[in-house]
Amino acid sequence: RARAKKMTAETCKAIFLTGHGGYDKLQVQEASIPALKGDEVRIKVEACGLNFAELMQRQGLYRRSPTPPYIPGFECAGIVEEIGEHVTELKVDQRVMCVSGRGAWSEKVVAPAERVIPIPEKLSFEEAAAIPVNYLTAYLMLFRCAHLREGQSVLIHMAAGGVGVAATQLAKSVPNVTLFGTASAPKHAVIKENGIDYPIDYRTTDYEVEVKKISPDGVDIVLDPLAGKDFKKGFNLLRPFGVTVLFGGANFLQENKSYFNLAKQWFQTSSFDPFQLIGKNRTVSGFDLGGLFKNPDVLVAMKELVRLYEEGVVKPKVDSVFAFEEIGEAQKRMHSRLNVGKIILVPRKAAKPEKETEEKSEAVSTEKNERNCHYDCVDTLCLWTPTSTTGTFEKCLRTFSGERNLLLRS
């Protein structure tokens, strides 16, 4: 759990990444409020978004990160408290959302006015904080990288996550688009309601096989936040003129900091022959919103997303809301892939009692162990450690066959 210190009048509460490693590297501390420049605004933050990139920052795997200590956070929503002398399109007391780039996990955020957009009154601060990163990522991938058109098909990995929910809604705004989505079985009803036509349980089936059962020639677009072996599988699913957009590396992320896993995933992602693109008439694209915050297309897309919200296309789904002091629990929930929609952080929310939080954390850990065990067994490797539950080990044995390897680690 993050530790809070007493705040003074000249400072505000913020979450700091104090180093690379475990959840204890995220701590609530005092932060100085930056001086306002002429083209900036100061926002009283009501809600912030949690993204997978911030999990990677904590482990030192995200390239566009400063050296700790620093305040993470790519997005927030709140109320304008002060504007710079050159700001003309925003006003004090206006409700806004902001894609800050970093530093959003704070009670007060100072950001360039061009990255701050007014929000409709009917949009809550929690919902607004769920829009910038996830919906910008989905929008720019679908319509700028992949050029989604009528009648095409899309495979959306992690369809119940923040980007997955956003991509589903935006893709369904195009007529006759067919959507395949991977998620664990308990989430299938939710992602179908959101617009996924064919939910696939990645834990118990091979999604490459399942997609080809329904669409033998594959799909037109793959949105890949996984990398590793899934990058190749996605590429193999593409039709001629198809596009796979790589925008993350979830397969790289493990709390045990396994260098073997990092090397394996890197090799599986990087050992790709570019000449396959010629023979197969396919395209591979990369996307990183972190490198586009100063790009004018981002502001245009932000305004378009507000319009789509007012038209009912964009429907932010908030999975859960955590206090700043619960940042570790929030990241555990995301890392375990338990969320359906966006995880939100609120600076002035009271943290839950310690005992209740510990029980919740233990439940999350157990579910994650069981999920990872089953997934690894299906893939050819079952990993069991002495910290795993007895039930997890029994599941390992039930799934194990002579063609696969069982690894016991001390």
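Here are a few notes on this predicted model, going from its sheet to some residues worth a look.

1. Start with the sheet. It is open, it has six strands, and the pairing is parallel. Reading across, the order is β10-β9-β8-β11-β12-β13. The edges are β10 (198–200) and β13 (283–286), each of which pairs on one side only. If you step from one strand to the next, the twist averages 15°.

2. Now zoom in on one pair. Strand β8, residues 153–156, runs parallel to β9, residues 178–182, and four bridges join the two. Which residue is the bridge partner of V154 in β9? Look for L179.

3. Next, the helices lying across these strands. Helix α4 (residues 162–171) lies across β8, β9 and β11 (219–224). Its direction is at about 170° to β8. Helix α6 (residues 207–214) lies across β8, β9, β10 and β11. For α6, the angle to β10 is about 160°.

4. While you're at α6, find E208, which sits in that helix. Buried or exposed? E208 counts as buried because its relative accessibility is 16%, and the cut-off for buried is under 20%. Leaving aside residues up to four places away in sequence, E208 touches K233, N236 and L237. You can also compare E208 with L155: they are 53 residues apart in sequence, and their C-alpha atoms are 10.0 Å apart in space.

5. On to the backbone. Most peptide bonds are trans, and most residues other than glycine have a negative phi. With that in mind, check the bond from P68 to P69: this one is cis, with omega near 5°. P69 belongs to the loop between α1 (52–58) and β4 (75–83).

6. Then there is A227. This residue is not a glycine, yet its phi is positive, at about 65°. Where is A227 found? Look in the loop between β11 and α7 (229–236). Being in a loop doesn't settle whether a residue is buried, so check the value: A227 has a relative accessible area of 2% and is buried.

7. Finally, try R337, another residue other than glycine with a positive phi, here near 60°. R337 lies in the loop between α11 (327–335) and β15 (342–346). Why does R337 count as buried? Its relative accessibility is 17%, and buried means under 20%.

Key: Residues numbered from 1 in each chain as written. Predicted model: local features only at pLDDT ≥ 70, side-chain atom pairs only at ≥ 80, totals over all residues. Heavy atoms only, no water. Pairing = 2+ DSSP bridges. Axes fitted to C-alpha atoms, helices over the stretch in contact; angles between N-to-C directions. Contact = heavy atoms within 4.5 Å. Buried < 20%, exposed > 50% of the residue type's maximum accessible area, 1.4 Å probe, protein only.
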